[in-house]
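This report walks a new reader through a few local features of one protein chain. Please keep the sequence and the model at hand while reading.

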Amino acid sequence: MNDTVPMTKGDPTRLDGDTPTLRLFALLEVIAEKDQFFTLQGLVEETGLPKPTLHRMLQQLESAGMLQRDGDGRHYSTGVRLRRMAENLLLNNTVHGARHAVLRQLVEEVGESCNITALSGSEVLYLDRVETPAPLRFYLHPGSRVPAHCSASGKLFLAQMSPSQRRRLLEHVPLERYTEKTLTDLGALEREIERVKRDGYAVDDEEFLPGLFCLAVLVPTPGGRSNTGIAIQAPVLRLTPEKALKLLPALQRAAAALAKIEAEATTEGRGGGMMVLSLPDRAVK
């Protein structure tokens with residue numbers, strides 16, 4: 001693996017903290033902002049800390065399961081324990097009630113099941129979901145995972161990455177075929193991703209489960225890149241591609257409402273934000 005995070009010129013990133021534990025936490029904050037593997041030397045250049053000090057800190061985080069090393073032994077990425085902690089925060093954060101109310105209102109408006117998702121490794125994690133009262137439905141509970149390459153939300157998350165980031169994410173994960181419509185060819189998936197980037201929404205037309213259609217958009221963020229999606233799911237007997245596009249404005253309004261909740265939580269500084277999970281880690285099943 002030769003990909004490393006490029007270091008920007010300027011003042012080093014300061015690791016604030018009055019105790020060794022707080023300085024470790026500050027280092028984790030620096031690491032959490034990275035979307036590529038990183039090296040000890042890269043962190044030395046970025047933080048200005050002595051190499052032996054940073055090496056000892058990385059060893060502590062690695063032994064705690066917060067970080068892991070790539071096969072060459074020089075490159076680091078986030079560890080399983082840190083990923084699980086981030087997922088638990090996403091599933092149980094303090095804005096859950098307000099977020100769930102938006103989801104419930106959307107279900108009442110469109111009449112179909114709706115969910116909120118985030119990217120975790122190469123999978124889409126269901127953060128919340130409200131089911132339609134209709135008797136014919138597909139039940140997927142919060143905490144469920146689906147592969148990114150055959151889900152509407154997953155395509156949106158992949159579309160935000162550069163081609164090299166997508167390749168790095170997917171190269172060790174086979175594009176498994178779940179239905180006759182699953183995209184298992186990287187070239188076909190790239191063409192679909194280009195369409196998603198152009199249109200601003202994504203669909204799953206029976207690509208993960210036979211008979212299931214899904215329409216998804218991203219929750220906008222001030223920084224441009226989002227790790228939160230919102231989607232409508234329904235049996236193809238009720239939701240055709242043509243009908244789904246008529247529901248797109250309602251979905252976009254719900255996404256804007258979620259963005260407002262997130263912005264207010266961030267302003268209040270109560271830790272209710274949606275933590276980015278698109279980290280350069282191996283997929284964890």
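## The open sheet

In this predicted model, six strands make up an open sheet with antiparallel pairing, and their order is β6-β5-β4-β9-β8-β7. Strands β6 (145-147) and β7 stand at the edges, and because each has a single partner strand, one side of each is left without a neighbour in the sheet. From one strand to the next, the twist averages 30 degrees.

Within this sheet, strand β4 (residues 113-120) pairs with strand β5 (residues 123-130) over seven bridges, in the antiparallel sense, and L119 stands opposite V124 in β5. Helix α5 (residues 96-110) packs on the sheet, where the helix touches β4, β5 and β9 (229-235), and its direction makes about 75 degrees with that of β5.

## Aromatic pairs

The count of aromatic pairs comes to two. One of them joins F38 and Y76, whose ring centres are 5.8 Å apart and whose planes lie at 15 degrees; since planes under 30 degrees apart count as stacked, this pair is therefore a stacked one. The pair links distant parts of the chain, with F38 in strand β1 (residues 38-39) and Y76 in strand β3 (residues 75-78), 38 residues apart. Both F38 and Y76 are buried.

## A loop residue with positive phi

Where is E206 found? E206 is in the loop between β7 (202-205) and β8 (212-218). The phi angle of E206 is near 60 degrees, which is a positive value in a residue other than glycine. E206 counts as partly exposed because its relative accessibility is 22%.

Key: Residues are numbered from 1 along each chain as its sequence is written. This is a predicted model: local features need pLDDT of at least 70, side-chain atom pairs count only at pLDDT 80 or more; totals for chains, interfaces and linings use all residues. Side-chain values use heavy atoms; hydrogens and water are left out. Helices (H or I, at least four residues) and strands (E, at least two) are DSSP runs, numbered from the N terminus. Buried means under 20% relative accessible area, exposed over 50%, partly exposed in between (1.4 Å probe, protein chains only). Rings of Phe, Tyr and Trp (its six-membered ring) pair if their centres lie within 6.5 Å; planes under 30 degrees apart count as stacked, over 60 as edge-to-face and the rest as tilted. Two strands pair if DSSP finds at least two bridges between them. Axes are lines fitted to C-alpha atoms, for helices over the stretch in contact, and angles run from 0 to 180 degrees between N-to-C directions. Contact means heavy atoms within 4.5 Å.
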